[in-house]
Amino acid sequence: MGNEGNLPMRKFVYLAGPIEGCSNHEINQWRQKCYVGFTDHITGVNPYRAERDADDPEARKRIIMKNYMDTKSCDLVLAYLPKEINARRPSYGTTFEIAWGYSMQKPVVIVSDDVRVHDHPLMDLSGALFWDLEEAIDYINVLLEPYDPQSTFPYDFKTPAVVN
């Protein structure tokens, strides 16, 4: 199956970040910045869509499985760990998602304004560590930009080379 019409291949970024104990605004604001900031061929995958009825034990299992499957199917994991939320409660789920991404050999990009996060040994697993979300979005856009063979090989292969 080829790339019909030379459209860029769609890339998926798993948007890991605190959910438990957070307001809808805290859950969605940074993810919305990602949706707006990513180039057209990148789709952010929001784990919050599976969070209904999280108090039910079966629902909790479903949420964990869905998040694992999403992490597995995405091209990259972007983890957001803001200091204000970290101070209230550690994001255990996000830590798992970082580890899943690493164990699946996916690029892991972490953003935090918390020096404790930057200094933690787990952050050595990240492919990139940023203080600023916008910088991370720019980095991801470059990292996942579509392959353009014309920019890699400007040589015209139809014209024979002249060898002296």
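These questions and answers go through the sheet, a helix pair, the cores and one residue of a predicted model.

Visitor: In what order do the five strands of the open sheet stand?
Guide: The pairing in this sheet is parallel. β2 (42–45) and β5 (128–130) stand at the edges with a single partner strand each, so one side of each has no neighbour in the sheet. Neighbouring strands are turned by 20° against each other on average, direction ignored. The order is β2-β1-β3-β4-β5.

Visitor: Which residue of β3 is the bridge partner of Leu-15?
Guide: Strand β1 (residues 11–16) and strand β3 (residues 76–80) run parallel and are joined by four bridges. The partner of Leu-15 in β3 is Leu-78.

Visitor: What angle does the direction of α6 make with that of β3?
Guide: Helix α6 packs on the sheet, where it touches β1, β2, β3, β4 (108–111) and β5. Its direction and that of β3 make an angle of about 175°.

Visitor: How far apart are the axes of α1 and α6?
Guide: Two packed helices are described by the angle between their axes and by the distance between the axes. For helix α1 (residues 24–37) and helix α6 (residues 133–143) the angle is about 40°. Trp-30, Lys-33, Cys-34 and Gly-37 of α1 make the contact with Leu-133, Glu-134, Ile-137 and Asn-141 of α6. The axes are 10 Å apart.

Visitor: Which element gives the most residues to the largest nonpolar core?
Guide: This core has 17 residues, and those touching the most other members are Val-13, Cys-34, Phe-38, Leu-78, Val-109 and Ile-140. Two or more residues come from each of β1, α1, β3, β4, β5 and α6. With four residues, the element that gives the most is α6.

Visitor: How many residues are in the second, separate core?
Guide: Tyr-14, Ala-16, Val-45 and Ile-110 are among its members. Two of these, Tyr-14 and Ala-16, are also in contact with Leu-78. The second core has 13 residues.

Visitor: Is Arg-10 buried, partly exposed or exposed?
Guide: Arg-10 lies in the segment before β1. Its relative accessibility is 41%, and the class between 20% and 50% is the middle one. Arg-10 therefore counts as partly exposed.

Visitor: What is the C-alpha to C-alpha distance between Arg-10 and Asp-75?
Guide: In sequence, Arg-10 and Asp-75 are 65 residues apart. Not counting residues up to four places away in sequence, Arg-10 touches Asp-40, His-41, Ile-42, Thr-43 and Asp-75. From C-alpha to C-alpha the distance is 9.6 Å.

How values were computed:
Residues numbered from 1 in each chain as written. Predicted model: local features only at pLDDT ≥ 70, side-chain atom pairs only at ≥ 80, totals over all residues. Heavy atoms only, no water. Axes fitted to C-alpha atoms, helices over the stretch in contact; angles between N-to-C directions. Contact = heavy atoms within 4.5 Å. Pairing = 2+ DSSP bridges. Core = buried A, V, L, I, M, F, W, Y, C linked by side-chain atoms within 4.5 Å. Buried < 20%, exposed > 50% of the residue type's maximum accessible area, 1.4 Å probe, protein only.
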